[in-house]
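Here is a short report on helix packing, a buried charge and aromatic contacts. Keep the structure open while reading.

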Amino acid sequence: MTASKRIVLSSDHAAIGLRQAISAHIAAQGWEVVDIGPTTPESTHYPEHGEAAARRVASGDCRFGIILCGTGQGIMMAANKVKGIRSGVCSDTFSARMIRQHNDANMLSLGARVVGEGLALDIVDAFLSANFEGGRHSTRVEMIVALEG
């Protein structure tokens, strides 16, 4: 399977259950899921998990990434430090669509303590079904990329 249908998932200990539910959901839709853990509930460090997933996306190994922690904020901040990553935290479907359509986001971050499973799956579907619109948004994404140095 090509990278265009590969998606990496990672979380910290707070989001293992939701990550596994998302994994099953998107696998049923034909995505090849690369779940890089963790698998046990011991406390872990979300920056390590955010970076590891982001590197898979930045390298081209995976088309998209979905990362989770308690709020989605910390793991997203870590992922966005990796050159080439545009990740946003979403707790609604509108934002998930917009970060794809307007910002060409390649990673989605969710807070397991913020959204329930049903809403999380809807957010994931909105993110994965949206396409970058280009046009005037391309200039803005190029401006974001330029900030990476």
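The sections below cover two helices, one acidic residue and a set of aromatic rings.

## Helix α5

This is a predicted model. Helix α5 covers residues 117–129. Its 13 residues should span 18 Å at 1.5 Å a residue, and the end C-alpha atoms are 18 Å apart, so the two values agree.

The buried residues of α5 are Ala-120, Leu-121, Ile-123, Val-124, Ala-126, Phe-127 and Leu-128. They pack against three strands, β1 (6–11), β3 (64–69) and β5 (107–111), and against helices α1 (16–27) and α4 (93–101).

## Helix α1

Helix α1 has twelve residues. From first C-alpha to last it reaches 16 Å, close to the expected 16 Å at 1.5 Å a residue.

Its buried residues are Ile-16, Leu-18, Arg-19, Ala-21, Ile-22, Ser-23 and Ile-26. The cover over them includes β1, β2 (32–35), β3, β5 and α5.

## A buried acid: Asp-12

Asp-12 sits in the loop between β1 and α1. It is buried yet has no salt bridge. The nearest side chain of opposite charge belongs to Arg-113, 6.3 Å away. A salt bridge would need a nitrogen–oxygen distance within 4 Å.

What lies around this side chain? A polar atom of the Asp-12 side chain lies 3.0 Å from the backbone nitrogen of Ala-14. Leaving out residues up to four places away in sequence, Asp-12 touches Pro-38, Thr-44, Tyr-46, His-49, Leu-68, Cys-69, Gly-70 and Ile-75.

## The aromatic cluster

The structure holds two aromatic pairs. In one, the rings of Trp-31 and Phe-64 have centres 6.0 Å apart and planes at 55 degrees, so the pair is tilted. Trp-31 lies in the loop between α1 and β2 and Phe-64 in strand β3, so this pair ties together parts 33 residues apart in sequence. Trp-31 counts as buried at 11% relative accessibility. Phe-64 is buried too, at 5%.

The rings of Phe-64 and Phe-127 have centres 5.3 Å apart and planes at 70 degrees, so that pair is edge-to-face. Strand β3 holds Phe-64 and helix α5 holds Phe-127, so the parts tied together are 63 residues apart in sequence. Ring pairs thus link Trp-31, Phe-64 and Phe-127 into a cluster.

## Phe-127 in its setting

Phe-127 belongs to helix α5. It counts as buried, at 0% relative accessibility. Beyond residues up to four places away in sequence, Phe-127 touches Phe-64, Ala-96, Ile-99, Arg-100, Ala-105, Asn-106, Met-107 and Leu-108. The C-alpha atoms of Phe-127 and Met-107 are separated by 9.0 Å, with their places 20 residues apart along the chain.

Key. Residues are numbered from 1 along each chain as its sequence is written. This is a predicted model: local features need pLDDT of at least 70, side-chain atom pairs count only at pLDDT 80 or more; totals for chains, interfaces and linings use all residues. Side-chain values use heavy atoms; hydrogens and water are left out. Helices (H or I, at least four residues) and strands (E, at least two) are DSSP runs, numbered from the N terminus. The expected span of a helix is 1.5 Å times one less than its number of residues. Buried means under 20% relative accessible area, exposed over 50%, partly exposed in between (1.4 Å probe, protein chains only). Contact means heavy atoms within 4.5 Å. Lys and Arg count as positive and Asp and Glu as negative; His and the chain ends are not counted. A polar contact is a pair of N or O atoms within 3.5 Å; within protein, one must be able to donate a hydrogen and the other to accept it, and residues adjacent in sequence count only if both atoms are side-chain atoms. Rings of Phe, Tyr and Trp (its six-membered ring) pair if their centres lie within 6.5 Å; planes under 30 degrees apart count as stacked, over 60 as edge-to-face and the rest as tilted.
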